[in-house]
Amino acid sequence: QVQLVESGGGSVQAGGSLRLSCTASERTVNSLGMGWFRQAPGKEREFVAGIGWRNNPDYADSVKGRFTMSRDSARNTVYLQMNSLKPDDTAVYYCAAKTSPISSYNYWGQGIQVTVSS
């Protein structure tokens, strides 16, 4: 089992920044594919960013150039740096992990709220 714990959410005004953290237990983040997803009220959960075994991040078009995902092996943590935040970024953000490149994400954090006001 992989346990994922998110932190760093909160409220910010449009144009501001937040950094989300996701710390894993039982497995190292280097041995997992890691991702960030979000779900806004009344909408389906959507992919935000992911980082695989080659350490090359991938981003949804809606966040490219504003969000940066990174991995810190020493802290067994992945981060999502979110800059130039918009009200449309308001959602519950989830950290996720998968154990192979061809599997779906099968481990999820509890979610953390991000609210961006205009």
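Does Asp-72 belong with the residues that count as buried or exposed, and what is its relative accessibility, so that you know what to expect when you select it? At 18% relative accessibility, Asp-72 counts as buried, because the cut-off for that word is under 20% relative accessible area. Keep in mind throughout the tour that this is a predicted model.

**First stop: Asp-72 and its partner**

Leave Asp-72 selected and add Arg-75, and you will find that the two side chains meet in a salt bridge, with 3.1 Å from N to O. Arg-75, unlike the buried Asp-72, is exposed, since its relative accessible area is 56% and the word exposed is kept for values over 50%. Side chains of opposite charge can pair when their charged atoms come close. By the rule used here, the count of salt bridges comes to 5, and the next stops visit two others.

**Second stop: Asp-89 and Arg-38**

Select Asp-89 together with Arg-38, which form a salt bridge whose closest N and O atoms are 2.9 Å apart. Arg-38 is part of strand 4 (residues 33-39), while Asp-89 sits in the loop between strand 8 (77-82) and strand 9 (91-98), so the pair ties together parts that are 51 residues apart in sequence. If you display the surface here, remember that both Arg-38 and Asp-89 are buried.

**Third stop: Asp-89 and Arg-66**

Keep Asp-89 and add Arg-66, with which Asp-89 forms another salt bridge, the closest N and O atoms being 2.8 Å apart. This pair also links distant parts of the chain, as Arg-66 lies in the loop between strand 6 (57-59) and strand 7 (67-72), 23 residues from Asp-89. Arg-66 is buried, as is Asp-89. Now select Arg-38, Glu-46, Arg-66 and Asp-89 at once, and you have one network, joined by salt bridges that share partners.

**Last stop: an open sheet**

Switch to a cartoon view and look for an open sheet of 4 strands, in which the order is 1-3-8-7 and the pairing is antiparallel. Strand 1 (3-7) and strand 7 stand at the edges, and each has a single partner strand, so one side of each is left without a neighbour in the sheet. On average, and with direction ignored, neighbouring strands of this sheet are turned by 15 degrees against each other. To finish, select strand 1 with strand 3 (residues 18-25), which pair in the antiparallel sense over 5 bridges, and pick out Leu-4, whose bridge partner in strand 3 is Ala-24.

Methods:
Residues are numbered from 1 along each chain as its sequence is written. This is a predicted model: local features need pLDDT of at least 70, side-chain atom pairs count only at pLDDT 80 or more; totals for chains, interfaces and linings use all residues. Side-chain values use heavy atoms; hydrogens and water are left out. A salt bridge is a side-chain nitrogen of Lys or Arg within 4 Å of a carboxyl oxygen of Asp or Glu. Helices (H or I, at least four residues) and strands (E, at least two) are DSSP runs, numbered from the N terminus. Buried means under 20% relative accessible area, exposed over 50%, partly exposed in between (1.4 Å probe, protein chains only). Two strands pair if DSSP finds at least two bridges between them. Axes are lines fitted to C-alpha atoms, for helices over the stretch in contact, and angles run from 0 to 180 degrees between N-to-C directions.
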